[in-house]
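Trainee: Before I rely on the labels in this annotation, I would like to go through them with you and hear the grounds for each one.

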Amino acid sequence: MRLIALARSFRARPTLPETTGPLQFRCFQPDFAPRDPNAKPKKYKYPAFYDPYGPRPPPSDKIIQLAERIAALAPEERCQLGPTLGERLRLPKLQPISTEGLDLGSQGGPAGASKAEEKKVEKTAFDVKLEKFDTAAKIKVIKEVRTFTSLGLKEAKDLVEKVPCVLKQGVTKEEANDIIEKIKAAGGVAVME
C-alpha cells in the first residue's frame, strides 16, 4: 500500500500550465527589441495649465483698454461694477439655496443662526459633577453617592476617588440641585453642568 502511494507521488506532473499557443511574454515575440539601457527618457512638453477650450485668440485692443480702465477704478467703484452690469444685462438674480436639513459644520450662514437659537433654548438635562471633597468626610460622600446612584460600595468608592468625576447625567435642574445640597451636607463640593 505504501509503495503505491509513493509511486503516485513520483508520477510526473507538469510544473507549468500547458500553453496552447505562443508564449505571451513580450520578450518572446519576434518583433521585440530591448530598450537601450543608456537611453535618456523622453521629455514631453506639457502646458502650464490645462485649457479644455484650446488656445484662445488674444483680446482686442478695445477689451484691453476696458480692462485697464476697470483696474484704474477705486475699490469702492469696482464693487459696484458687478451689480450694475447684472442690471444692465438683465441677468437673473441669484436665489439663495436652502440649506435646511444639511449639516454645514462650522460654516456660517443659516446654520449659524440656528445655533444661536439653540443657545437661547433653556437647558433641561443637567450633569452633576463632584469637584472635590473633604478627606475626613470621604465615607459620608460615598454613602450619599450610593443613595442617588445604583452603585455598590466598591463602585461608589472608586467613583468618588476619581475626583473630579460626573456622578449623574441627564437629571432635571431640581434633582441636580437636590443632589448638590446632599453632597454639600456630606462634606463634598458638586457642580451642575
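The conversation below takes up several of these labels in turn.

Mentor: Please keep in mind throughout that this is a predicted model.

Trainee: Then let me start with a residue in a loop: why is L89 called exposed?

Mentor: L89 is found in the loop between α3 (75-88) and α4 (110-120). Exposed means over 50% relative accessible area, and because L89 has 56% relative accessibility, it counts as exposed.

Trainee: What makes the nonpolar surface patch that includes L89?

Mentor: L85, L89 and L91 make that patch, which covers about 300 Å². A residue qualifies for a patch with over 30% relative accessible area and no salt bridge, and nonpolar side chains are joined within 5 Å.

Trainee: What is notable about the phi of R90, and why does R90 count as exposed?

Mentor: R90 lies in the loop between α3 and α4, and its phi is positive, about 55°, although R90 is not a glycine. As for exposure, its relative accessibility is 76%, and the cut-off is over 50%, so R90 counts as exposed.

Trainee: How do you know that β1 pairs with β2?

Mentor: Two strands pair if at least two bridges are found between them, and strand β1 (residues 126-133) has four bridges with strand β2 (residues 165-171), in the antiparallel sense. Within this pairing, F126 stands opposite V171 in β2.

Trainee: And how many bridges link β1 and β3?

Mentor: There are five bridges between β1 and strand β3 (residues 188-192), again in the antiparallel sense, and the requirement of at least two is therefore met. Here F133 stands opposite G188 in β3.

Trainee: Which peptide bond is cis, and what is its omega?

Mentor: The bond from V163 to P164 is cis, with omega near -5°; P164 has its place in the loop between α6 (153-161) and β2.

Trainee: How do you know that the span of α7 agrees with its number of residues?

Mentor: Helix α7 (residues 173-186) has 14 residues, which at 1.5 Å a residue should span 20 Å, and because its end C-alpha atoms are 20 Å apart, the two values agree.

Trainee: Which residues of α7 are buried, and why do we say that they line one face?

Mentor: The buried residues of α7 are A176, I179, I180, I183 and A186. Seen down the axis of α7, these buried residues fall within an arc of 125°, so they line one face of the helix. The face turned away from that buried side carries the exposed residues E174, E181, K184 and A185.

Technical notes
Residues numbered from 1 in each chain as written. Predicted model: local features only at pLDDT ≥ 70, side-chain atom pairs only at ≥ 80, totals over all residues. Heavy atoms only, no water. Patch = residues over 30% accessible without salt bridge, like charges linked within 9 Å, V, L, I, M, F, W, Y side chains within 5 Å. Areas by Shrake-Rupley, 256 points an atom, 1.4 Å probe, with all protein chains shown as cover. Salt bridge = Lys/Arg side-chain N within 4 Å of Asp/Glu carboxyl O. Helix = DSSP H or I, 4+ residues; strand = E, 2+ residues; numbered from the N terminus. Buried < 20%, exposed > 50% of the residue type's maximum accessible area, 1.4 Å probe, protein only. Expected span 1.5 Å × (residues − 1). Arc of directions from axis to C-beta.
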